[in-house]
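Work through the three exercises below. Try each task before you read its solution.

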Amino acid sequence: MSDSLLRSGFDSYLRASTLRPKGETTVSRVRLVPAFILCLVLCLAGSASGPSSAQSAQTPAQATQPPAEPADLKVPAGFNVSVFASGIAGGRLMAFSPDGVLYIARQGRGDVVALPDRNKDGKADSVEIVASNLVRPHSVAFHKGYLYIAANPAVLRMKYSGGKVAGEPEKFVDLPVSTTSHWTRTIGFGKDGRLYVSIGSSCNVCEEEDERRTTIMAYNPDGSGGRPFARGLRNAIGFDWDPRTGVLWADDMGQDRLGEDKPFDEINRIEEGKHYGWPYYIDDNEPNPDLKDPKGSLPVSQAVKPAYLLPPHSSPIDLRFYTGNRFPAAWRGAMFVALHGSNPANRKEKVGYKVVRVVFKEGKPVALEDFVTGFLKDDQVMGRPAGLATGPDGALYVSDDNKGFVYRISYGR
Ligand SMILES: [Ca+2]
């Protein structure tokens with residue numbers, strides 16, 4: 001893509017940044033006038049107290065719907081689960097700041113909030129908006145004095161020091177524009193200092209023209225030199241490095257409308273320069289039956305098979321290693337995956353809707369074990385797990401973008 005196209009992509013991002021994304025708001029016409037008045041009141045309150053992106057407490061007036069009930073979640077014996085924060089609908093991926101405050105991107109609201117727990121009672125004291133008017137912010141990361149935010153279509157950053165985010169978000173890296181599905185972008189910094197960004201496909205099944213799509217991209221620490229680190233990943237929303245081995249792992253979400261039990265979602269062991277097969281291959285390198293008249297091709301010998309097949313349509317979002325030391329040995333350093341759960345268009349009987357631990361044997365994933373269940377109750381959706389993060393307190397935090405909770409999973413007393 002040319003520079004001018006990249007620029008026009010960001011210009012349209014800036015234009016769009018004042019608009020609500022289509023398809024994710026539920027404001028009806030009859031509610032527009034009260035919503036406008038509410039917005040006016042909030043804007044005036046915001047301008048009286050400083051810039052919109054400054055850290056500010058969220059007013060209760062923003063809660064326009066009755067509060068959701070937390071799910072009755074189940075965790076293994078010895079673990080505890082509690083509500084850390086509520087009112088975080090659309091909350092996706094999370095990161096802890098260097099001073100131990102949980103930050104989360106609220107994709108639907110277009111903002112990033114901080115959830116400080118200053119009195120360390122396992123409950124967020126407040127919901128503080130640190131950046132707003134963003135288009136589909138999905139993932140956050142802290143690195144060397146900045147908070148990075150993956151939005152669409154750019155990675156943004158804000159200065160971070162003394163426990164505070166300051167100023168307005170500035171563009172750091174341009175990304176492909178997505179106005180349909182797979183608009184999520186996930187970021188992480190490797191030990192090599194590079195910025196890694198996963199970018200999903202523009203379609204359900206197709207060959208991409210923009211080589212940045214269906215990859216995990218890697219950028220130099222200054223944002224330059226972006227190139228695909230790994231290709232052939234349809235939508236690798238969650239990725240993380242095993243802290244013990246340094247190996248990069250990513251999940252991948254298989255395509256839609258190929259049947260109730262096809263294709264599998266995936267866990268992949270990511271290596272630089274490798275191709276993971278999509279769109280040419282699905283499952284264990286089976287030719288993709290929905291790819292008609294492809295222009296390109298890939299020798300099957302060059303397609304890396306999944307390291308583990310996840311249940312079809314279970315929809316893995318975040319994939320993270322537990323990096324704390326409060327869990328028992330079997331869960332220390334464990335890989336967890338948030339299975340967001342199947343869409344009724346793909347499957348009648350729901351699958352996913354839980355957080356699983358991936359059991360490894362001799363360095364390879366061999367099984368899944370339930371870690372957090374109860375997001376389904378009598379087939380009713382009580383929440384959908386999305387983001388995962390290990391806290392400095394050794395607890396695992398799980399965001400639920402559907403009912404807007406952040407749950408805290410701790411061990412022992
Ligand atoms: Ca607290």
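The exercises go from the whole chain to one sheet and then to the core.

This is a predicted model: local features need pLDDT of at least 70, side-chain atom pairs count only at pLDDT 80 or more, and totals for chains, interfaces and linings use all residues. Residues are numbered from 1 along each chain as its sequence is written.

**Exercise 1. Describe the protein chain overall.**

Step 1: count the elements. The protein chain has 2 helices and 29 strands (DSSP runs numbered from the N terminus: helices are H or I, at least four residues; strands are E, at least two).

Step 2: check burial. Of 413 residues, 43% are buried (20 or more other C-beta atoms, placed from the backbone, within 10 Å of a residue's own).

**Exercise 2. Lay out the open sheet that contains S9.**

Step 1: give the order. Its 4 strands run S7-S8-S9-S10, with antiparallel pairing (strands pair if DSSP finds at least two bridges between them).

Step 2: find the edges. Strand S7 (139–143) and strand S10 (164–174) each pair on one side only.

Step 3: look at one pair. S9 (residues 154–161) joins S10 in the antiparallel sense over 7 bridges. Leu 156 stands opposite Lys 171 in S10.

**Exercise 3. Place Val 197 in the core.**

Step 1: find the core. The largest nonpolar core holds 97 residues (buried Ala, Val, Leu, Ile, Met, Phe, Trp, Tyr and Cys joined through C-beta atoms within 7 Å). Val 197 is among the six named as touching the most other members, as are Tyr 103, Leu 115, Val 140, Ile 149 and Ile 216.

Step 2: list partners. Leaving aside neighbours within four places in sequence, Val 197 has contacts including Ala 150, Val 155, Leu 175 and Arg 185 (C-beta atoms, placed from the backbone, within 7 Å).

Conventions:
A residue is buried if 20 or more other C-beta atoms lie within 10 Å of its own, exposed if 12 or fewer, and partly exposed in between; C-beta atoms are placed from the backbone. Two residues are in contact if their C-beta atoms, placed from the backbone, lie within 7 Å.
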